[in-house]
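Me: I'm new to this structure and would love a close look at one part of it. Could you walk me through it gently?

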Amino acid sequence: MLMRTDPFRDVDRFAQQVFGTAARPAVMPMDAWREGDQFIVEFELPGAKPDSLDLEVERDVLTVRAERPDLDQNREMVAAERPRGVFSRRLFLGDNLDLDKIDANYYDGVLRLTIPIAEQAKPRRIEISHDGQRTAINA
């Protein structure tokens, strides 16, 4: 069987692995949504060991780091499409979240962050006072 080599195909495949595509995002895909008084973020990290996960908050920036171990070099691989090594992703969070009370849970390859909405950002009712008298406003 004759196989033609296409150097551009290899470059394209490498770019898709590093940067991802719309259909297949790179390395650490994420979902985020608001649920009541909480903001939920989930990262897909299959194969990452729990002790390799690291979360860091600095001001309004949340950084997530994870590592997938390298493959055994003694194996003769037929296909190796899953990215390996250390990965990180940064989220820029608004000041409407209480970053001091983040809860993180890693289960079945999914890292779930639950971030409460800050008290000052929650909707609140403001009472309107009235004394029963009308007052004129002079311009």
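Is Leu 91 buried or exposed, and what is its relative accessible area?

Reply: Happy to help! This is a predicted model, in which local features need pLDDT of at least 70, side-chain atom pairs count only at pLDDT 80 or more, and totals for chains, interfaces and linings use all residues. Residues are numbered from 1 along each chain as its sequence is written, and side-chain values use heavy atoms, leaving out hydrogens and water.

Leu 91 is buried, because its relative accessible area is 11% (buried means under 20%, exposed over 50%, partly exposed in between, with a 1.4 Å probe and protein chains only). Leu 91 belongs to strand E5, residues 85-92 (strands, E, are DSSP runs of at least two residues, numbered from the N terminus). Setting aside residues up to four places away in sequence, Leu 91 touches Met 30, Val 41, Phe 43, Asp 60, Val 61 and Leu 62; contact here means heavy atoms within 4.5 Å. Val 64 is 27 residues from Leu 91 in sequence, yet their C-alpha atoms are 8.3 Å apart in space.

E5 also leads us to another residue. Strand E4 spans residues 61-68 and holds Arg 68. Beyond its neighbours within four places in sequence, the contacts of Arg 68 include Gly 85 and Phe 87, along with Val 27, Glu 44 and Pro 46. The side chain of Arg 68 also reaches the backbone oxygen of Pro 46 at 2.7 Å.

How values were computed
Helices (H or I, at least four residues) and strands (E, at least two) are DSSP runs, numbered from the N terminus. A polar contact is a pair of N or O atoms within 3.5 Å; within protein, one must be able to donate a hydrogen and the other to accept it, and residues adjacent in sequence count only if both atoms are side-chain atoms.
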